[in-house]
Amino acid sequence: MPILEKMGVITMADRNAVAAYCQSYSMYVKAVEDVNRNGFTVEGHRGVTSKNPAVQVQRDSLDQMNRWGAKLGLSPVDRVRLSVAPTDDGDAPDADVLRLLSGGA
């Protein structure tokens, strides 16, 4: 987050989008762990083998990460679309809050 803030890509106005991205990422990680632990298929109702529901959660979460990431300028193409100019002020007042949102100390 501090890198994107310094580049002028995100500000405190983006905190809800950052939070949504982080939530999507958290769900994605949990779904990947479930698929790694239980496999792509699970034994369902009455012993019928079916697709592990975590596969869909994984797919949906990744889709949400890509959508929020685009809004936040998380790829070079997205940053160009946002037309954001880098700033030299790395000590903006929003830095501490964004660091907390991103899990930093």
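1. Let's start with the helix pair. The axes of helix 2 (residues 15-38) and helix 3 (residues 53-72) come within 8 Å of each other and cross at roughly 155 degrees. Angles over 145 degrees count as roughly antiparallel, so helix 2 is roughly antiparallel to helix 3. The crossing of these two helices is left-handed. Keep in mind that this is a predicted model.

2. Who makes that contact? On the helix 2 side the residues are Ala17, Val18, Ala20, Tyr21, Ser24, Tyr25, Met27, Tyr28, Ala31, Val32, Asp34 and Val35. Helix 3 brings Ala54, Val55, Val57, Gln58, Ser61, Leu62, Gln64, Met65, Trp68, Gly69 and Leu72. Sorted by character, the residues of this contact come out as 17 nonpolar, 5 polar and 1 charged.

3. Ser61 is a good residue to click on within that contact. Ser61 sits in helix 3, and its relative accessibility is 4%, so it counts as buried; the cut-off for buried is under 20%. Setting aside neighbours within four places in sequence, Ser61 is in contact with Ser24, Met27 and Tyr28. Those three residues are also on the list of helix 2 residues that make the contact with helix 3.

4. Val57 is another helix 3 residue that takes part in the contact with helix 2. With a relative accessibility of 34%, Val57 counts as partly exposed. Beyond its neighbours within four places in sequence, Val57 is in contact with Met27 and Ala31. For the pair Val57 and Met27, the C-alpha to C-alpha distance is 7.4 Å, with their positions 30 residues apart in sequence. Met27 turns up again here, since it is one of the contacts of Ser61 as well.

5. Two more helix 2 residues give you distances to check across the pair. Val29 belongs to helix 2 and is partly exposed, at 26% relative accessibility. Val29 and Ser61 are 32 residues apart in sequence, and their C-alpha atoms are 9.0 Å apart in space. Lys30 is in helix 2 too, but it is exposed, with a relative accessible area of 56%. Its C-alpha is 9.1 Å from that of Val57, and Lys30 and Val57 are 27 residues apart in sequence.

6. Now a backbone item to look at. Arg46 has phi near 60 degrees, a positive value in a residue other than glycine. Most residues other than glycine have a negative phi. Where does Arg46 sit in the chain? It is in the loop between strand 1 (41-43) and strand 2 (49-51). Arg46 has 77% relative accessibility, so it counts as exposed, the cut-off for exposed being over 50%.

7. Stepping back to the whole protein, the secondary structure consists of 5 helices and 2 strands. Along the sequence the order reads α-α-β-β-α-α-α. The loop that holds Arg46 falls between the two strands, 41-43 and 49-51.

8. Finally, the overall numbers. Of the 105 residues in the protein, 22% are buried, Ser61 being one of the buried residues. The exposed surface comes to about 7,100 Å², and carbon and sulfur atoms supply 55% of it. Among contacts with a separation of 6 or more, 62% are between residues 24 or more positions apart. The Val57 and Met27 contact, at 30 residues apart in sequence, is an example of such a pair.

Note on methods:
Residues numbered from 1 in each chain as written. Predicted model: local features only at pLDDT ≥ 70, side-chain atom pairs only at ≥ 80, totals over all residues. Heavy atoms only, no water. Axes fitted to C-alpha atoms, helices over the stretch in contact; angles between N-to-C directions. Helix = DSSP H or I, 4+ residues; strand = E, 2+ residues; numbered from the N terminus. Parallel < 35°, antiparallel > 145°, perpendicular 65-115°, else oblique. Left-handed = near helix turned anticlockwise from the far one by under 90°. Contact = heavy atoms within 4.5 Å. Nonpolar A, V, L, I, M, F, W, Y, C, P; charged D, E, K, R; others polar. Buried < 20%, exposed > 50% of the residue type's maximum accessible area, 1.4 Å probe, protein only. Areas by Shrake-Rupley, 256 points an atom, 1.4 Å probe, with all protein chains shown as cover.
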